[in-house]
Amino acid sequence: MGLIARIRPDLAAFSPYASARRGGLEAPVRLDANESPWPAADDGFDLNRYPAPQPSALRAALADLYGVAGDQVWAGRGSDEAIDLLVRAFCRAGRDNIVSLAPTFGMYQIAARLQGAEYRMLNLSGDDGFALDPERLLALVDDNTRLVVVCSPNNPTGTSYHPWLEALATRLADQALVLVDEAYIEFAGHESASVLLDRHENIAVLRTLSKAHALAGARVGALLAAPWLVQLVGNIAAPYPLPTPSVAAALAALAPDKKEPVRERVAAIKRERERVRAQLERLPDVLRVWPSQGNFLLVRCREAETTFRRLLDGGVLVRDFSTRPGLEGCLRVTIGSGADNDRLVDVWAGAMAA
Ligand SMILES: *Cc1c(COP(=O)(O)O)cnc(C)c1O
């Protein structure tokens with residue numbers, strides 16, 4: 001039977017909007033898409049023309065980057081778009097549910113609410129380092145569970161859950177998709193769950209160019225999944241999810257000569273992460289800094305709101321999670337440049353001395 005039986009029955013045979021560019025036909029005179037014959041400005045992009053729904057050069061570059069086959073990649077408007085489309089594809093409103101962790105990235109719950117899917121959370125505790133007990137996660141799964149979402153490394157805790165992923169996929173075969181959000185995996189010390197794709201059709205992996213590849217403004221993310229699921233997501237997606245300048249920016253950022261600079265920057269962020277962690281741990285206001293596999297640190301403070309305010313007054317904006325359940329007293333600090341991080345530590349230390 002397979003996981004395909006868990007797709008919403010009304011979408012299983014969905015035929016996509018037949019946009020002009022979907023057929024892949026080309027001709028010197030293009031009068032098929034109601035475009036303007038003249039560009040709006042001399043921008044070098046031919047923006048008067050619609051883009052390809054899935055530009056083949058981008059797909060090939062992403063497949064190469066992530067070590068998967070071209071038909072295992074769907075590129076979209078950030079990984080947020082893929083999250084939304086997968087929830088829509090699998091969950092019948094008012095009936096099906098999604099299982100995930102808490103605390104975690106907020107978009108899964110938002111996508112669930114938009115689709116009318118129940119969102120079930122396994123609460124993790126910072127006291128034991130946000131450790132995951134897979135049996136407790138599986139205990140939340142029932143026959144209406146369609147997605148089990150694991151963010152690894154997890155935002156905002158920095159915890160990786162890769163040792164449990166293959167066992168989860170095996171236990172949930174033919175029942176639910178294990179969706180692994182790897183937005184931060186470049187900063188982690190372990191390999192991607194994409195190596196499991198060929199063995200488990202119910203694993204899908206989200207990758208993004210927004211973090212390690214420094215392209216948050218371009219909005220390009222990738223879903224790595226079984227070819228039938230990639231095709232289905234393409235069928236239900238908006239006709240032209242990838243703006244031409246974003247595709248150009250992504251291809252430029254993925255050129256062979258950019259591999260080494262990206263590797264060096266990721267290495268620098270990881271070194272800075274450990275340096276900042278050691279420095280923050282010494283501050284009297286800081287109760288705990290969790291180890292992180294991401295480009296950020298989760299910090300528990302004695303008085304998070306005061307610290308947050310004083311940092312802001314000192315010109316440093318961090319993320320205040322202190323009122324979220326399970327994150328009491330916590331701030332999330334992104335690792336910036338060496339100078340950014342020095343200022344963070346200086347203001348924090350000075351602020352506390354004041
Ligand atoms: C930043 C982030 C993303 C990236 O989303 P994009 O839409 O690709 O920018 C995805 N998942 C998590 C957990 C994130 O923190």
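**View 1. The side chain of S100 makes a polar contact with the backbone of V149.** In this predicted model, the side chain of S100 comes within 2.9 Å of the backbone oxygen of V149. S100 itself is part of strand β2, which covers residues 97–102. Is S100 buried or exposed? With a relative accessibility of 0%, S100 counts as buried, because the cut-off for that label is anything under 20%.

**View 2. Two cis peptide bonds, each leading into a proline.** Stay with β2 for a moment and look at the A102 to P103 link: this peptide bond is cis, and its omega is near 0°. P103 sits in the loop that runs between β2 and α3 (107–115). The other cis bond to look at joins N155 and P156, this one with an omega of about 15°. P156 is in a loop too, the one between β4 (145–151) and α5 (165–171). Why bother with a close-up of these? Because most peptide bonds are trans.

**View 3. Three side chains put polar atoms next to the ligand.** Begin with D181: an N or O atom of its side chain is 2.6 Å from a nitrogen atom of the ligand. T208 also has a side-chain N or O atom at 2.6 Å, but here the partner is a ligand oxygen. For S210, a polar side-chain atom lies 2.7 Å from an oxygen atom of the ligand. How much of the ligand does the protein bury? On its own the ligand would expose 380 Å², and the protein buries 93% of that.

**View 4. The shell of residues around the ligand.** Zoom out a little and you can pick out 14 residues surrounding the ligand. The closest ones are D181, Y184, T208, S210 and K211. Sorted by class, the shell is a mix: five nonpolar residues, five polar and four charged. Which helix gives the largest share of this shell? That would be α2 (residues 78–90), with three residues.

**View 5. Helix α2, mostly tucked away.** Of the 13 residues in α2, 11 are buried, so the helix is largely enclosed by the rest of the structure. If you want to find them by name, the buried ones are G78, S79, E81, A82, I83, D84, L85, L86, V87, A89 and F90. This is the helix that supplies three residues to the ligand shell.

**View 6. The largest pocket.** This pocket has a volume of about 590 Å³, and 28 residues line it. Nearest its centre you'll find R21, P51, A52, P53 and Q54. Two helices, α6 (227–236) and α7 (244–253), each put at least two residues into the lining. The largest share, five residues, comes from α6. By class, the lining has 13 nonpolar residues, seven polar and eight charged.

**View 7. The second largest pocket.** Here the space comes to about 510 Å³. A set of 22 residues lines this pocket, and L65, E186, R207, H213 and V262 are the closest to its centre. Which elements give two or more residues to the lining? They are α1 (56–66), α7 and α8 (259–281). As for class, count 11 nonpolar residues, four polar and seven charged.

**View 8. Two buried leucines, L177 and L327.** L177 lies in strand β5 (residues 177–181). With a relative accessible area of 0%, L177 is buried. Measure out to A27 on screen and the C-alpha atoms are 41 Å apart, with the two positions 150 residues apart in sequence. L327 belongs to a loop instead, the one between β10 (319–320) and β11 (330–334). L327 is buried as well, again at 0% relative accessible area. L298 is 29 residues from L327 in sequence, and their C-alpha atoms are 9.1 Å apart.

**View 9. Two aspartates with a positive phi, D46 and D174.** Most residues other than glycine have a negative phi. D46 has a positive one, near 55°, and is located in the segment before α1. D174 isn't a glycine either, yet its phi is about 65°. Look for D174 in the loop between α5 and β5. There D174 is partly exposed, with a relative accessible area of 39%.

Technical notes: Residues are numbered from 1 along each chain as its sequence is written. This is a predicted model: local features need pLDDT of at least 70, side-chain atom pairs count only at pLDDT 80 or more; totals for chains, interfaces and linings use all residues. Side-chain values use heavy atoms; hydrogens and water are left out. A residue is near a molecule or strand if one of its heavy atoms lies within 4 Å of it. A polar contact is a pair of N or O atoms within 3.5 Å; within protein, one must be able to donate a hydrogen and the other to accept it, and residues adjacent in sequence count only if both atoms are side-chain atoms. Accessible areas come from the Shrake-Rupley method with a 1.4 Å probe; for residues, only the protein chains shown count as cover. Helices (H or I, at least four residues) and strands (E, at least two) are DSSP runs, numbered from the N terminus. Ala, Val, Leu, Ile, Met, Phe, Trp, Tyr, Cys and Pro count as nonpolar, Asp, Glu, Lys and Arg as charged, and the others, Gly among them, as polar. On a 1 Å grid over the protein atoms alone, a cavity is a set of points where a 1.4 Å probe fits but cannot get out, and a pocket is an open set with protein on both sides within 12 Å along at least five of seven lines; lining residues have an atom within 4 Å of a point. Grid points are joined across faces, edges and corners, and a volume is the space filled by probe spheres set on the points. Buried means under 20% relative accessible area, exposed over 50%, partly exposed in between (1.4 Å probe, protein chains only).
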